[in-house]
Amino acid sequence: MNLILMGPPGAGKGTQGEILSKRLGIDTISTGVMLRTAIKNQTEVGKLAEQYINDGKLVPDEIMVTIVKERLSQPDCANGFILDGFPRTTAQAEALTASGVKIDKALSLEVDDDMIIERLSSRRECSKCGAPYNIIFNKPKTEGKCDKCGGDLIQRADDNPDTIKNRLNVYHEQTEPIKDYYAKLGLLVTAKGEEELADTTKNVAKALGLEE
Ligand code: AP5
């Protein structure tokens, strides 16, 4: 399956992406993780992206389209992929369509703004592999350590109240309209993402037509 995961910051895209990746045996491609890795390694893309991310703004479309096209051209994507965090603007969605990459479904995880602040301020992520955790809702087995790779858990630089508000505004202004874009193509499905993790996972499976 070639799948797009959409939704506001903190909706659970990374969390559901991990679950679906294991279930379907295909990789998740998270543009947020790619950019944070680039920042950590201080690559050219990383240096360009850092200020945008810390301000809660979108990284310019040209950069994003280039790095995603390059990633999708790699052989492992031939078996399917889960795109988490891309496309995020109409221009990115149009560029993806124009590149000829076939999309089977675009899943929008629906969560109200009020819940986002609570989730994001208690979020932690692995400093090595980027796996998402939450010190209230989705605790690691060992405090401060990633279940998958043993890496240290850290708080993201953009998970502070001011930046979260900016990210939400950007989502409503620039990303939410692409739901219509995929609805018109007949590819949009939605799932409620406000329920606890197990129920949200069921909602996602149902929306994608996966067997229980
Ligand atoms: P990105 O990393 O994609 O961030 P985001 O979209 O803001 O989404 P998040 O990663 O914050 O949240 P999520 O939906 O993955 O939720 P999670 O599963 O962690 O992008 C970061 C920045 O990079 C952007 O702001 C932008 O600057 C730039 N960027 C990236 N892509 C770009 C693009 N295409 N174009 C331009 N710029 C781009 O869950 C959140 C928390 O809630 C976790 O702690 C989790 O454990 C918990 N949780 C999850 N599900 C549940 C549940 N059901 N119940 C309770 N808790 C839950």
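This report describes the surroundings of the ligand, and then the aromatic and cysteine side chains, in a predicted model.

**The ligand and its shell**

The shell around the ligand counts 37 residues, and those that come nearest are Thr-15, Lys-57, Arg-88, Arg-123 and Arg-167. Sorted by class, this shell is made up of 14 nonpolar, twelve polar and eleven charged residues. Several secondary-structure elements supply at least two shell residues each, namely helix H1 (13-24), helix H2 (31-40), helix H6 (113-121), strand E6 (132-134) and helix H9 (197-207). Of these elements, H2 gives the most to the shell, with four residues.

Polar side-chain atoms of Thr-15, Thr-31 and Arg-88 lie at the following distances from atoms of the ligand.

| Residue | Ligand atom | Distance |
|---|---|---|
| Thr-15 | oxygen | 2.6 Å |
| Thr-31 | nitrogen | 2.8 Å |
| Arg-88 | oxygen | 2.4 Å |

On its own the ligand has 1,000 Å² of accessible area, and the protein covers 97% of that area.

**The aromatic pair**

The structure holds one aromatic pair. Its members are Tyr-181 and Tyr-182, whose ring centres are 5.1 Å apart and whose planes stand at 85°, so the arrangement is edge-to-face. The angle is decisive for that label, because planes over 60 degrees apart count as edge-to-face. Both partners are removed from the surface in the sense used here, since Tyr-181 is buried and Tyr-182 is buried as well.

**The cysteines**

How many disulfides does the structure hold? The number is zero. A disulfide is a covalent bond between the sulfur atoms of two cysteines, and the cut-off applied to a pair of sulfur atoms is 2.5 Å. For Cys-77, the closest cysteine sulfur is that of Cys-129, at 18 Å, which is too far for a bond. Cys-129, for its part, is in no disulfide either, although the sulfur of Cys-146, the nearest cysteine sulfur to it, is 3.8 Å away; that distance does not meet the criterion, because the two sulfur atoms would have to lie within 2.5 Å.

Is Cys-77 buried or exposed? Cys-77 has a relative accessible area of 7% and is therefore buried. Cys-129, by contrast, has a relative accessible area of 29%, so this residue is classed as partly exposed.

Key: Residues numbered from 1 in each chain as written. Predicted model: local features only at pLDDT ≥ 70, side-chain atom pairs only at ≥ 80, totals over all residues. Heavy atoms only, no water. Near = heavy atom within 4 Å. Polar contact = N/O pair within 3.5 Å; in protein donor to acceptor, adjacent residues only side chain to side chain. Areas by Shrake-Rupley, 256 points an atom, 1.4 Å probe, with all protein chains shown as cover. Nonpolar A, V, L, I, M, F, W, Y, C, P; charged D, E, K, R; others polar. Phe/Tyr/Trp six-rings, centres within 6.5 Å; stacked < 30°, edge-to-face > 60°. Buried < 20%, exposed > 50% of the residue type's maximum accessible area, 1.4 Å probe, protein only.
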